[in-house]
Amino acid sequence: MISFSSPQLGIAAIAAAIVAMGIAIVRRVNIPILSRFLLGAGVLLLALAAGGPVWNRAQRETIAVMVDLSPSTRGAKFRNADFLRRRLRELIGNSHYQLIAFAGQNLLIDPSDPLAEMPTDQTRFTPAPADAIVLFSDAQFDLPSASPPIYIVADEGLENISDASVQQLELRGGELSATLANAGARRAVSFEGTTGAATAPVYPGTTVIDRPISGAGVAGAKLNPGDLWPENDSLWLRVAAPTAGEKWWIGENSPRGDWKSLQPQRVSNLPQDYLAPAVIVVENQPADRFTPSQMDCLMQYVRDLGGSLLIVGGDHAFAAGEYDGSRFEELSPLASSPPTPTTRWILLVDGSGSMSQDAGGGISRWQTAARAVIHLLPNLPSADPVEIGQFSDTVRWWLQASTAAEAARTPLPPADAFAHGPTNLELALNQIAGDTNGKLPTELLLLSDCDATLDHRKELADLLVRKRIRLDVLAIGHGSALENIRAICATTGGHVVESFDPRQWSRSMAKLSQAALAPRIVREPVTVVFENEAKSLGSETAAVWNRTWLKPQAEQWASAMRNHTEVPMAGYWRVGSGCVAAVAWELDQSRVELLAERIAQKPRDPRFSVHWENGRRVQVVVEAVDRGQFINGLTIRLVLAEDAGLGQVPLGQTGPGRYEASIAATENPRIGTLRIGDETIDRASLPGRYPAEFDALGNDHAAMRKLAEISGGEVIWPTDHGPIDFRWKKREVALTPWICAMELLGLAAGLIVWRRVQRSR
C-alpha cells in the first residue's frame, strides 16, 4: 500500500507539470516523439516525488501459540489436539506458529504431539519471544509485567466449572470449623477427629460446618469424590494437647492427683498468680468467704486472662451462699434469683431521735442501722422492686419505684436524712399497708429498737395479712413494743431477730432477708440429664440442689423435670476471653473433673493480642500494649513444630507495639507457637494446605481482560470464530529516492535521443 507524506505538494507539482507539458504542446516544441515521452515521464515522476510517496510494506511476524496444561485447566476443550487445531484454523488461518506448552515452565512441542498434563504446584506464565502470542489458558497465574500482544482464548469448558473444595479449616475453642465452597451438585463432607455426626451435606454455595473435636491428634474434613480436582477436597490440621497448666480446687473435698487444693483464705489476691491455672473449681463456697481483691482476681482471670471457672453448687452456694450482688453472680451462667419480679421488698429503718445515740467509733446507731440496710441491697433478687426509707413520726422514703439492682447502685441514704422526732411505728405500718395493692407479696424488713406504742395490734396484723405483707424485724433494743411486734410478725408469717451489737447488724439483716426469701435449697430428689457439650456425662440424681435460672445468652448443659416443668441445672457461657460453667448441686467428684477438663484452657498474658490468618500464606500479627503504652523492642519467635524438625521464624516490628510474620503454607499440618524467651504467649493449629494451583479454578475473566489490556492484545471469547486481527506493524519504505532516480534517467534519455536526432539532421 502506497501513501504520501505531502499529498498537497504532490498534487501541486503534478498540476505544474501538466501545465508545462501543455505549454510545450501549444507552442509545438520541435522534439522527437520518444524524447517527448521520456521528458514528460521524467517531469511527472519529479512531480510525484514532490508528494513524498511511501510504500507501507507488511513485515513478516512470528506467532507463538501457548497452551496451559497445568492441573487447573482440566476439562478445557483445548486440551484435545483435534479441537485445538480446528480452533487455530479459525483464529490464525494458515499462518506459521510455534506450539509451546506450559505449566511450571515452557516446553516447545510438536503440533502432532498429544497434549498431556504437566504437573505443577502453581501455574507460572512466561511469555514466549514472539511478535504475538495466542494463549489458551484460564489466566489463573500471576500476570507478567511486560509481554508481546497476547490474544487470550477463553475456553468454553472452563466457563462454568463444577468443583467443590474445603477452603478453610481452623480451631475455634474446642470446635473444628470447616468452610466449604460448592459450585456444582450436592456433595457430602466427612469429618475425622471430631464428635457428633460424621458426615454432612454440602449444598451449592458457601457452607460453614462446626464439629466438637474429640481430643489431641489429627482432625480434618474431606469431600466425597465428584469433580476433576480431588486435590482441594480435603484439609487437615493437628490438634495439640491442652497447654499444661495448674488445676485449682477451692473447697473441702478436692480430688487426688494433680489438683492444687485451696481453702478460700489461701486463694491468691495477686493477679499474676492466675497465669498458672488452666481451670479453677469453686466447690460449694459462700461469697463472703472471699475478699473483694480475691473476687476481682477471679473476674480478671476469666474475663481478661482467658481462664476457665467451674462453680459447683450446694447448701452454701448461689442464693444460699449470698451470690446475689457478688462477683460469683456476675460470672455464673446460672442466676441465683428469678429474672422476673416475684416479691416486693420494703426496707425500713428506725429514724427516731433515740437512734442518734453513739454506737461506737463516733458513729450513731442510726448511721449504723442505715448502713446495714444498704449493705443488704446487693443480696436481694436483682429484678424485685424495692422501697427504702426511714420512719419516726412520719415515713420518709429514700427510694421508690426501683429494682434491687438499681437501688444497689444508688448513693444512699440522702444527704439530708438524719434521726429525729418520736417513734410512730403504728402510723408507719398503717401507711405502708394503705399504699400496698397486694398484687405481689411484700416482704417488710424493719430495723428498730422497738420502743413504740401499738394500740391496735390485732387490727394492724389482720390488715398486713390481707395486703400480703410479711413483717420481719431486726430488734436492736428491748423496746416497749417488742412483744406486740413479735405477735404481729408471727401472724404475718415473719420473724423477729434480736441483735444488740451494732457490729453484727449487717450480718443479722442478711440472715433475716434469707429467712424471708423463698427456699432456694430444694431437698427433693430429681434426675439431672446432661445435654449439649456435656451430653457425654449422662445423668445422675441430685438429692439436694439449688434453685437457679439460666441467664440470657447462656447455654444449658443440664436440666431436670419438676412438677412437669423443666428446671435448668447447669449452664455455660463465655465471659470476656474466658469461660464459666456452673452446676446447681453437689456434683459427683468424677463428673466435676470431667467438666473441668472439658472447659480448661490456659490463661494468656493480657498484654498481647494475637491474630492468625490461614491461607496461601500464614499471617500472624501480635499487638503488645501494657496499660495503654506500646511495648517495643521485643524478640518474638514463631516456633513451628514439623515432622522434619523445628523451625523458627522471627517476627519483625512493623509499628509501635506491632509485630508481624508471614510464612508459606505447607502440605503438612503444623503447630505454631509464639514465644518471648521461654514464655509462650499463644499457640495455633496451622492446617496442611493443598497447592495454590487448586485455590481458584475456571476462567478468570478479570485477569484475562487485564492481560489483554497491559499487553495490547485482546480476549477471544468462545463465541468469537473469525480470524484474529493481529494489527501487525507496517514497514515504511520511502519511494522518493527511487522515483527521483527514474526521473533523472527519463530526462537524461530524452535529452540524449533529442541530441542524436539533431545530429542526424
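A residue is called buried when its relative accessible area is under 20%, exposed when that value is over 50%, and partly exposed when it falls in between. Keep these cut-offs in mind as you move through the structure, which is a predicted model.

**Stop 1: strand β20**

Select residues 344–350, which form strand β20, and notice that seven of the seven residues are buried, so the strand is largely enclosed by the rest of the structure. In a regular strand the side chains alternate between the two faces of the sheet. Colour R344, I346, L348 and D350 as one group and W345, L347 and V349 as another, and you will have the two sides of β20, both of them covered.

**Stop 2: the neighbours of β20**

Which strands are joined to β20 by bridges? Add residues 442–448 to your selection, and you have strand β23, which runs parallel to β20 and is joined to it by six bridges; here R344 stands opposite T442. Now add residues 385–391, which make up strand β21, also parallel to β20 and also joined to it by six bridges, with I346 standing opposite E387. To see how β20 and β21 belong to one unit, select helix α6, residues 365–376, because these three elements together make a right-handed β-α-β unit.

**Stop 3: salt bridges between distant parts**

The model contains 29 salt bridges by the rule applied here, and three of them are visited next.

Begin with E156 and K77, whose side chains meet with an N to O distance of 3.2 Å. E156 sits in the loop between β7 and β8, whereas K77 sits in the loop between β3 and α3, 79 residues apart from it. With a relative accessibility of 37%, K77 counts as partly exposed.

Go on to D296 and R327, which meet in a salt bridge at 3.0 Å, N to O. Because D296 lies in helix α4 and R327 in helix α5, this pair ties together parts that are 31 residues apart in sequence. Is R327 buried or partly exposed? Its relative accessibility is 24%, so R327 counts as partly exposed, and D296, at 38%, counts as partly exposed too.

Then select R562 and E524, where the closest N and O atoms are 3.3 Å apart. R562 belongs to strand β31 and E524 to the loop between β26 and β27, so that the pair links parts of the chain 38 residues apart. R562 is partly exposed at 27%, and E524 is partly exposed at 31%.

**Last stop: a network**

Finally, select R74, R79, E117 and E231 together, since salt bridges that share partners join these residues into one network.

Methods:
Residues numbered from 1 in each chain as written. Predicted model: local features only at pLDDT ≥ 70, side-chain atom pairs only at ≥ 80, totals over all residues. Heavy atoms only, no water. Buried < 20%, exposed > 50% of the residue type's maximum accessible area, 1.4 Å probe, protein only. Helix = DSSP H or I, 4+ residues; strand = E, 2+ residues; numbered from the N terminus. Pairing = 2+ DSSP bridges. Salt bridge = Lys/Arg side-chain N within 4 Å of Asp/Glu carboxyl O.
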